[in-house]
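These are my notebook entries from a session spent looking through one structure. I kept them in the order in which I looked things up.

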Amino acid sequence: MQNLIYANAALTVVLLAACIVMGLMLRRIRRLFQEIAPVGALTSSRGPQPGDACPPQPFHTLAAGVLALAGGAKPRLVLFVSATCPISRKVIPIARNFCGRENLELVLAGDDAPTIQQHFAQQTNTPAAAFINDPALGRALQVDKLPAAFLFDQQGTLIARGLVNNREHLESLLNAWESGFSTVQTYMQHTRRNRA
């Protein structure tokens, strides 16, 4: 009987020690998750920044028409892509699904030869009127890497921008708009400063 009491006491001590260790581990894990930043679209300090107006002139589309970035019925996501970029091919269906769910207008952009872009638009089921093929747009927005995304509101104000290669990056553009911070990185710096 006495051995049973000792065994029970030893198990109680072990259980209490395990609870203390688990509590300390949970505290560390919670702190770790506060320090890990969410992945957002990588932004550049070059070119127009959130809050700037879009280039005012209309740009040439593959349909032999023109399209202005301002004045759309919905916010507009301009996605710079290339037929030779495998990531561009991967991100177009993701962007199309994302824009459908978030009520955004998707416009693809590039500056390749018109025949290459026409073929690329057909492969990706993109209407020619929703594909800007004008090097002036890339120069105006200072696009240097692909796929680059620019989110404009209906008045043509740049809301957010960045390199995107998955849905999480696209969502970070909307999060920047909703939170009022230009990038996820800016938001994280702000929250760290407030915690300190």
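Entry 1, the end of a helix. I began just past α2, where Asn 103 follows the helix with a positive phi, near 60 degrees. The model is a predicted one, and I read this backbone angle with that in mind.

Entry 2, the course of α2. I then looked up the helix itself, which runs over residues 86-102, and compared its length with expectation: its 17 residues, at 1.5 Å a residue, should span 24 Å, and the end C-alpha atoms lie 25 Å apart, so the two agree. I also noted a bend of about 25 degrees at Ile 92, with a proline, Pro 93, following within four residues.

Entry 3, the sides of α2. Which residues of α2 are buried? I found Ser 88, Val 91, Ile 92, Ala 95, Phe 98 and Cys 99 to be so. Arg 96 also sits in this helix, but with a relative accessible area of 34% it is under the 50% needed for exposed and not under the 20% needed for buried, and therefore counts as partly exposed. Setting aside neighbours within four places in sequence, I list Leu 106, Thr 124, Asn 125 and Thr 126 as the contacts of Arg 96. Its C-alpha atom is 9.9 Å from that of Leu 77, 19 residues away along the chain.

Entry 4, the cores. From Leu 77 I went on to the largest nonpolar core, which has 25 residues and in which Leu 77, Leu 79 and Leu 173 have the most contacts. At least two residues each come from β3, α2, β4, α3, β6, β7 and α5, and α2 gives the most, with five residues. Again leaving out neighbours within four places, the contacts of Leu 77 include Cys 99, Leu 106, Phe 150, Leu 170 and Leu 173, and also Glu 105. A second, separate core has 15 residues, among them Val 78, Leu 137, Ala 148 and Leu 158.

Entry 5, cysteines. How many disulfides does the structure hold? I found zero. I looked up the accessibility of two cysteines as well: Cys 85, at 14%, is buried because it falls under the 20% cut-off, whereas Cys 19, at 44%, is partly exposed.

Entry 6, the annotated segment. The unreviewed UniProt entry carries the annotation "transmembrane region" for residues 6-26. Over those residues I found the chain to be 100% helix and 0% strand, with the end C-alpha atoms 30 Å apart.

How values were computed
Residues numbered from 1 in each chain as written. Predicted model: local features only at pLDDT ≥ 70, side-chain atom pairs only at ≥ 80, totals over all residues. Heavy atoms only, no water. Core = buried A, V, L, I, M, F, W, Y, C linked by side-chain atoms within 4.5 Å. Buried < 20%, exposed > 50% of the residue type's maximum accessible area, 1.4 Å probe, protein only. Contact = heavy atoms within 4.5 Å. UniProt positions renumbered as here; feature names shortened; annotations may be inferred. Disulfide = S-S within 2.5 Å. Expected span 1.5 Å × (residues − 1). Bend = angle between axes of the 7 residues up to and from the residue.
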